[in-house]
Amino acid sequence: HLPVDCDMAIVAVLDMPARDDDSALSVIARSSALPVVPVTGEATIERGRVYLAAPRHEPEILAGVIRTDRRAAGTYSIDRFFRALADAYQSRAIAVVLSGAGSDGASGLARVREQGGVTLAQSPLDADHGAMPRAAIAAGSVDFVLPAADIARRLLALGDSPGRWRSDPANVEARGQADDSQALADIMDVLRMRTRHDFSHYKPATLLRRIGRRLHLNGLPDLAAYRDHLREHAEETAPLLQDLLISVTSFFRNRAAMQSLERNVL
């Protein structure tokens, strides 16, 4: 469902039995208008391509590069890939959980949202195996739940969103807050009235990054437009509050911190 002129790079991450995954490249290549690139070793990421890790290889992503290493049986983690994606691309990362068994991917999606990215899951009713998308949805880590065909359309809309630049921290810092100070103050007033949470002491850059994600998701061009949208759509208040109070889960993946907690506290 993605057109040949798609203005983004796609990394397809499959966790399949060894007897099946050798055929994945040909199956995806027949189905996709985009060229499919098998990755063995290292490849430079280019827009308009689908990258597929070689069978029994785990992909690792850095800014501009994808590389793979052969993995031992039972060691693969889509969560690990999503966390690397989030750290490399931050607000430009989009993570999608499709059909699959188990719960892998749910905590990785949380990291993508922490970094300002966007997360999607296939509707469990649309999936052959609904456990993975269902676990991601239950964890509260998903921005959009859609059938597979609609996910493609949403990806294209996110790529064309006029608010996309706003969620990039570099652009937030470059523009500064002079043009947006009144709109930002108005948004904080609406939140304070509706939720009794006062964010006036938060760093403006932090607020702009978090609100920028909401602009991106709603396809809005600037803070003034988002302020008006928030005033007219009370249902936007809860997700905005959730983004501003987003939990940071990296502490729980810090082995030294958890060992210290166990040894010195518990």
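## Sheet and strand pairing

Two strands count as paired here if DSSP finds at least two bridges between them. With that in hand, let's walk through the sheet of this predicted model. In β6, isoleucine 66 is the bridge partner of isoleucine 61. That pair belongs to the β5–β6 pairing, where the strands run antiparallel and are joined by 6 bridges.

Zooming out, the sheet is an open one of 3 strands, ordered β3-β6-β5, with antiparallel pairing. Its edges are β3 (42–44) and β5 (57–62), each of which pairs on one side only. From one strand to the next, the twist averages 20°.

## The two sides of β6

On one side, β6 (residues 65–70) pairs with β3 in the antiparallel sense, over 3 bridges. Two of the facing residues are easy to pick out: threonine 44 sits opposite valine 65 of β6, and glutamate 42 sits opposite arginine 67 of β6.

On the other side, β5 and β6 make a hairpin, with 2 residues between the strands. Have a look at glycine 64 in that turn: its phi is positive, at about 90°.

## A helix on the sheet

What packs on this sheet? Helix α3 (residues 78–89) does, and it touches β5 and β6. The direction of α3 makes about 15° with that of β5.

## Nonpolar cores

The largest nonpolar core has 22 residues, and Phe82, Leu85 and Leu109 are the ones that touch the most other members. At least two residues of this core come from each of α3, β7 (94–97), α4 (106–114) and α5 (131–138). Helix α3 gives the most, with 6 residues.

Leucine 85 is a handy place to start exploring on screen. Setting aside its neighbours within four places in sequence, leucine 85 is in contact with Ile61, Gln90, Ala93, Ile94 and Ala95. Ile61 should ring a bell: isoleucine 61 is the residue whose bridge partner in β6 is isoleucine 66. Apart from the largest core lies another one, made up of 19 residues, including Cys6, Ala12, Leu120 and Ile151.

Methods. Residues are numbered from 1 along each chain as its sequence is written. This is a predicted model: local features need pLDDT of at least 70, side-chain atom pairs count only at pLDDT 80 or more; totals for chains, interfaces and linings use all residues. Side-chain values use heavy atoms; hydrogens and water are left out. Helices (H or I, at least four residues) and strands (E, at least two) are DSSP runs, numbered from the N terminus. Axes are lines fitted to C-alpha atoms, for helices over the stretch in contact, and angles run from 0 to 180 degrees between N-to-C directions. Contact means heavy atoms within 4.5 Å. A nonpolar core is a set of buried Ala, Val, Leu, Ile, Met, Phe, Trp, Tyr and Cys residues joined through side-chain atoms within 4.5 Å. Buried means under 20% relative accessible area, exposed over 50%, partly exposed in between (1.4 Å probe, protein chains only).
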